[in-house]
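Student: Could you take me through a close look at one helix, and then show me what else is worth seeing around it?

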Amino acid sequence: MNNSDSTKQSLFEEFPPISTEEWEKVINQDLKGADYKEKLKWQTGEGVEPLPFYRREDLSDLDRSTPLPKSYTNTEANSWEICEPIFENNISQANEAARNALERGADALQFQITIRRTEGMIGGDIQGLPVQNQSDFTALLNEISLENTSLHFDTGLASPALLGMLWDEIQNQSLDPKKVRATFSYDPFVYLLQHGQYPKDREDIKRDICDVTQFMAKNIPAIRPLGVDGRFYHNSGATIVQELGYAMASASEYLAILTDDDINIDDAAQSLSFCFSIGSNYFLEIAKFRAARLLWKNLIEAYGADPEGNTAYLHGETSRWNKTLYDPYTNMLRTSTEGMAGAIAGCDSLTVMPFDEHFRQPNEFSQRIARNQQIILSEEAYLDKVEDPAAGSYYLEKLTEKIAEKAWTIFQDVEAEGGLFKALENGTVQSAIQQSQKQRNQAIAKRGRTFVGTNQYTNADESMSDDIGKTKQTVALRESEDINIESDAENLIEFLSDAFSQEANIADVIDNLFDFGKQKYRTVAPYRGPQAFEELRLATENHKFTPKVLNLPLGNKKWRKGRATFSSNFFGCAGYNIKDPIGFEDVDEAINTIKKQQPDIAVICSSDKEYKDLVPAIADAVSTLDNPPILVLAGYPEQDVETYKEAGIDEFIYSKCNVLQTLTRFQQKLNIIEN
């Protein structure tokens, strides 16, 4: 064959195309006639149920002639900002950590500050970085170029105060306001959902939303002051489609408030940023971010704006919901997968949390690993080089469309109810999230969802109680003495800027940020999925003794080994001391071992067939002991359960039981926790 012939011949001509019908025929044969669309459908628990494969014809009705719209910040096609969260609780140390992060590869910085004010409290307190006034803010950003470094302020309803400080800093340094880039997590919808009360009168909230948007559009156009915080929904146990649906409902309500006040739709759109968590469902999370861009495009078009000039700003942050206390280094595997999903999905900026940030102050090692995970994705995996790298994948394209459709339905339901504020007042959102929580918690409790080192494959020698430390400090807000703020400003940000320039503290202007009443509405709260198992094991660690479990492998070697392994894994979740002999020749040898070792729990491990003889013999012998252990059967032979209970079996452990509930009963019987 000459060169001209070889260039004309397709490399794949020897692989003829296979029709979908031919594929399905083979699949049905393998499944012995079962419908693969039901048998192999993925029950994701995220609101969508994808099929095992898709083909080109499945995309025939999708318009993907161009990549999903994204605003690119530099010459790379899929670039994102490597954002590093700052965890130090001291202003000078935080500044040093921030400069260190920028020197070692970070492009952006994330600061977490929470202002809390309990009903009836005078003043309040601040959690996280103790930025209380303009001097603190200036010290925090000392020697950091505001024109070359993106800032992300995770500051919630305190955001207007930090915006005022930032504006003062821009003026004090004579910077070009157009070059300063920042996002803020101001989200009154999440506040209402978390606290069950409005931080201010609803009309005052709308006024604040318009004030900050008008001020930024006029003075600092590259700053996005309004946040859509999808992280809260995710970390409270919501599904992917719920997280997206409520995020779009939030964005729509912002746009409605702003446009009703005659604010230009382009200015309104540019004031928003989205922050989503990235969970461990790899393909679904890639599709989630792509779906967010599609949904935003639909939404912004409905408000009459040009989607090309008003693309969504998406910040991704690795999930807190799925991080574990035990075997914590597995969290690095989770954040690697999550970071990769966010990069491929096209995040504009990305935060990879240190693997230990949820239970202690992250150290230099954990922060370096988190930062380097992103650097590797960019500099070594080259994930920033291809525009919309997931485009063209039948599976991901179809997932994107399915997630977008389901989330749009949730959004439409919220709109039909009167908007997100109304849906939160009615408790509709709370009910939906709590239903998702229930399903997730059940899956974890029954080990349908695995957390390595926590509810499966535990390390019996691991102890974590001594490693738990404070993650965020809390200090009281300081009020200034005899301060009299002079300002003629009508705009909220202008007033706050004037106040801080006159050396006011946040405590002096807190009434401009919060005006609390009593809780009136239902709430939901963030939590971690593995937390319930961890609490059981921590209770064991802190108890005066560690319960001893003795496996009793008898009879058939295959069955006894399998069930003894199951038993060890089961009780390892509670941190018990497990003794697992290879096997016993007979009942007498097993009973003698019980007498010598004095276990708190003895587990009979054999086959269902052999249990008929073993259970009565062992139960009868155990009942005569001076200090009999809790007698457990590995397995659940349904026809004989009542008989075995009468014989003396206290508990049954088996693959489909509720592990969390069963272990809780053991903890109560052993007086480790109260009933």
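**One helix and its two sides**

Tutor: Let's begin with helix H21, which spans residues 587–597 and has Val587, Ala590, Ile591, Thr593 and Ile594 as its buried residues. Keep in mind that this is a predicted model. If you look down the axis of H21, the buried residues fall within an arc of 155°, so they line one face of the helix. Why can residues that are not neighbours in sequence share a face? An α-helix has 3.6 residues a turn, so residues three or four places apart point the same way. Now turn H21 around: the face directed away from its buried side carries Asp588 and Lys596, which are exposed.

From here, let's move to the aromatic rings. There are 29 aromatic pairs in the model. One of them joins Phe189 and Tyr254 in an edge-to-face arrangement, with 5.2 Å centre to centre and 80° between the planes. Phe189 belongs to helix H7 (residues 188–195) and Tyr254 to helix H10 (residues 240–260), so this pair ties together parts that are 65 residues apart in sequence. Phe189 is buried, at a relative accessible area of 0%, and Tyr254 is buried with 0% as well.

For a second pair, find Phe283 and Tyr395, which are also edge-to-face, at 5.7 Å centre to centre and 85° between the planes. Here Phe283 comes from helix H12 (residues 282–302) and Tyr395 from helix H15 (residues 394–417), so the pair ties together parts 112 residues apart in sequence. Phe283 is partly exposed, with 37% relative accessibility. Going back to Phe189 and Tyr254, ring pairs link these two with Tyr198, Phe421 and Tyr521 into a cluster.

Rings can have a charged partner here too. Arg440 lies over the face of Trp321, 5.4 Å from the ring centre, and Lys669 lies over the face of Phe666, 5.9 Å from the ring centre.

Next, the spaces inside. The model has six cavities of 30 Å³ or more, and the largest has a volume of about 150 Å³. It is lined by 15 residues, and the closest to its centre are Thr183, Phe184, Ser185, Arg231 and Cys275. Strands E4 (150–154), E5 (182–186), E6 (223–229) and E7 (272–278) are the elements that give two or more residues to this lining. By class, the lining of the largest cavity holds five nonpolar, seven polar and three charged residues.

The second largest cavity holds about 80 Å³ of space. Of its 14 lining residues, Glu46, His234, Gly279, Arg440 and Arg449 are the closest to its centre. You have met Arg440 already, over the face of Trp321. The lining of the second largest cavity divides into three nonpolar, seven polar and four charged residues.

Finally, a look at the backbone. Most residues other than glycine have a negative phi, and most peptide bonds are trans. Asp327 has a positive phi of about 50° although it is not a glycine. You will find Asp327 in the loop between strand E8 (314–318) and helix H13 (330–345), and it is partly exposed at 23% relative accessible area. Asp388, another residue other than glycine, has a positive phi near 45°. Asp388 sits in the loop between helix H14 (364–379) and H15. At 11% relative accessibility, Asp388 counts as buried.

Notes
Residues are numbered from 1 along each chain as its sequence is written. This is a predicted model: local features need pLDDT of at least 70, side-chain atom pairs count only at pLDDT 80 or more; totals for chains, interfaces and linings use all residues. Side-chain values use heavy atoms; hydrogens and water are left out. On a 1 Å grid over the protein atoms alone, a cavity is a set of points where a 1.4 Å probe fits but cannot get out, and a pocket is an open set with protein on both sides within 12 Å along at least five of seven lines; lining residues have an atom within 4 Å of a point. Grid points are joined across faces, edges and corners, and a volume is the space filled by probe spheres set on the points. Helices (H or I, at least four residues) and strands (E, at least two) are DSSP runs, numbered from the N terminus. Ala, Val, Leu, Ile, Met, Phe, Trp, Tyr, Cys and Pro count as nonpolar, Asp, Glu, Lys and Arg as charged, and the others, Gly among them, as polar. Rings of Phe, Tyr and Trp (its six-membered ring) pair if their centres lie within 6.5 Å; planes under 30 degrees apart count as stacked, over 60 as edge-to-face and the rest as tilted. Buried means under 20% relative accessible area, exposed over 50%, partly exposed in between (1.4 Å probe, protein chains only). A charge sits over a ring if NZ of Lys or CZ of Arg is within 6 Å of the ring centre and within 35 degrees of the ring normal. The arc is that of the directions from the helix axis to the C-beta atoms.
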